[in-house]
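Me: I should like to test the vocabulary used for the model below, asking in each case what justifies the term. Please set each value against its definition.

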Amino acid sequence: MAVQIQPIKGMNDVLPAEIGAWQYFEACTRELLAGYGYEEIRVPLLEHTELFKRAIGEHTDVVGKEMYTFVDRGGDSLTLRPEATAGIVRALISNGLLRGQRHKLWCLGPMFRHEAPQAGRYRQFWQVDVEAVGCPGPDVDGELIALGTRLWQRLGITGLKLEINSLGTAESRREYRARLVEYFTAHESQLDADSRRRLGGNPLRILDSKNPQLQELIRGAPLLTEHLDSDSRAHFEALCASLRAVGIPYEINPRLVRGLDYYNRTVFEWITASTGAQNAVCSGGRYDGLIAQLGGDATPAVGFAMGVERLVALLVAAGRTPAAAHPDVYVVVSGTQAAAQALALVERLRNERPQLRFELNAGGGNFKAQFRRADKSGAPVALILGDDELARGVVAMKPLRASTGQTECPIAQLAAGVDAALAAAGQAGRS
Ligand code: ATP
Ligand code: MG
């Protein structure tokens, strides 16, 4: 036997048994985003490596050690997108869509990061990305957070905590950065290798460390909030006031920095207590400088990304996944004449009743085997196409979930007969 090809570590198949939860999540999300006036955008999975280096920052973990980068046959360095914002901004610039226009956009798709795979952390994972481009004020930040909050409510996901913070401006961060370097340098012996590396490049990232041994040191570090410029402070206070006005509970976490370098002012994250270390389900913030940094007209923007696997896991844990769909009618076939006519007959029924689901028995089998499959399918009604019945111009029907007996229906009135059988079986079908 040939050797099996192994799947790539950290890249998952979403199997039919799991897809219901994904589709439910996606349908709720699409509907809600449309309700807030967001439009879908689809951008390529591959971009020039330079885009992510410039957008996300050379000193971030994502660019430093997590990107899937390769040289293509034309000699270009390309990278599988580790996040969606950079590609969306690139698309707005490439298509000339900035020039003072506003855009409310969302994007769903897989992202790629070479991380250590574990529950809730994968190398290919899906995000729903939501971006509001062209709006400088805290009102949009507040509306985005309201959108997220409403989504969790609609999905029936509870127990999420919203943390918010302000990173101020690049200038106010510079002053803070100096204080932070001072503090961590004084405690350098306690730092791990990762943090020591960050100390030179991007000391704010040390605050984002997931190493439990560093948490106490991080708790003692100076706070960014003490170094905010007055405009950023006013922006943040207005956001907090609007969240209180809507009744959205939040916690200010002065140590919340984000994994990507492009954020300024508002940053936020929803975290759950239930998925262990992988506790962030949705994270985002404002990135007023990014568009200009990527060569577009300076345009303020704010957005967030949800981790679909983590949210779907919460949906499943909450028992909020819809019941699996089953066929309305299972078609059992017996005899050579019947087998020859079955497809045409069922296709005619599909024309006449496009809203119903018909499952035509596949792969033959005797009567008993076919009825076993019919039962397992969950269909309330079986149609029996047999040579004898067809010779008499009829089809037999049998309710599968009731004790009432088998009936017959003339082929010419089959669609109406199916309606009646389904109604009698207590299910009028989907409309
Ligand atoms: P984390 O702190 O968990 O590494 P992050 O700060 O790197 O997350 P973002 O880059 O902001 O996350 O991505 C937004 C969301 O995408 C996260 O809140 C999380 O739910 C999800 N996410 C990020 N990385 C992964 C991954 N490797 N596997 C699954 N989901 C992920
Ligand atoms: Mg990360």
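Me: Which element gives the largest share of the lining of the largest cavity?

Reply: That element is H1, with 3 residues. The lining consists of Glu26, Thr29, Arg30, Trp106, Leu108 and Val128. Two elements give two or more residues to it, helix H1 (16-35) and strand E5 (103-112). Helices (H or I, at least four residues) and strands (E, at least two) are DSSP runs numbered from the N terminus. The model is a predicted one, in which local features need pLDDT of at least 70 and side-chain atom pairs pLDDT 80 or more, whereas totals for chains, interfaces and linings use all residues. Residues are numbered from 1 along each chain as its sequence is written, chains are lettered from A and ligands numbered from 1 in the order in which they are written, and side-chain values use heavy atoms, with hydrogens and water left out.

Me: What makes this space a cavity, and what volume does it have?

Reply: On a 1 Å grid over the protein atoms alone, a cavity is a set of points where a 1.4 Å probe fits but cannot get out, and its lining residues have an atom within 4 Å of a point. The volume is about 30 Å³, that is, the space filled by probe spheres set on grid points joined across faces, edges and corners. A search of the whole structure for cavities of 30 Å³ or more finds 1.

Me: How do the residues of that lining divide into nonpolar, polar and charged?

Reply: There are 3 nonpolar, 1 polar and 2 charged residues. Ala, Val, Leu, Ile, Met, Phe, Trp, Tyr, Cys and Pro count as nonpolar, Asp, Glu, Lys and Arg as charged, and the others, Gly among them, as polar.

Me: What lines the second largest pocket, and what makes it a pocket?

Reply: A pocket is an open set of points with protein on both sides within 12 Å along at least five of seven lines. This one holds about 610 Å³ of space. Its lining has 28 residues, and those nearest its centre are Ala17, Glu18, Ile19, Ala21 and Trp22. H1 gives the most, with 9 residues, and H1, E6 and helix H11 (308-317) each supply at least two. By class, the lining has 17 nonpolar, 7 polar and 4 charged residues.

Me: Is Ala17 called buried or exposed, and why?

Reply: Ala17, found in helix H1, has a relative accessible area of 80%, so it is exposed. The cut-offs are under 20% for buried and over 50% for exposed, with partly exposed in between (1.4 Å probe, protein chains only).

Me: Why is strand E11 described as largely enclosed?

Reply: In E11 (residues 301-307), 7 of the 7 residues are buried, so the strand is largely enclosed by the rest of the structure. Both faces are covered: Ala301, Gly303, Ala305 and Gly307 are buried on one side, and Val302, Phe304 and Met306 on the other.

Me: How do you know that E6 and E11 pair?

Reply: Two strands pair if DSSP finds at least two bridges between them. E6 (residues 124-133) and E11 have 7 bridges in the antiparallel sense, including Glu131 with Gly303 and Asp129 with Ala305. E10 (residues 280-286) also pairs with E11 in the antiparallel sense, over 5 bridges, and one of the bridge partners there is Phe304, opposite Gly284.

Me: What makes E1 and E8 edge strands?

Reply: The open sheet has 8 strands in the order E1-E5-E6-E11-E10-E9-E7-E8, with mixed pairing. E1 (39-40) and E8 (251-252) each pair on one side only.

Me: What is notable about phi of Arg265?

Reply: Its phi is near 45 degrees, a positive value in a residue other than glycine. Arg265 lies in strand E9 (residues 264-272) and, at 16% relative accessibility, counts as buried. Arg99, in the loop between helix H4 (85-94) and E5, also has a positive phi, of about 25 degrees; its relative accessible area of 61% makes it exposed.

Me: Which residues are closest to ligand 1, and what makes a contact with it polar?

Reply: Of the 16 residues surrounding ligand 1 (a heavy atom within 4 Å), the closest are Arg113, Glu115, Arg258, Ala280 and Ser283. A polar contact is a pair of N or O atoms within 3.5 Å; within protein, one must be able to donate a hydrogen and the other to accept it, and residues adjacent in sequence count only if both atoms are side-chain atoms. A side-chain N or O atom of Ser283 is 2.6 Å from an oxygen atom of ligand 1, and a polar side-chain atom of Arg310 lies 3.0 Å from an oxygen atom of the ligand. For Tyr122, a backbone N or O atom lies 2.9 Å from a ligand nitrogen atom.
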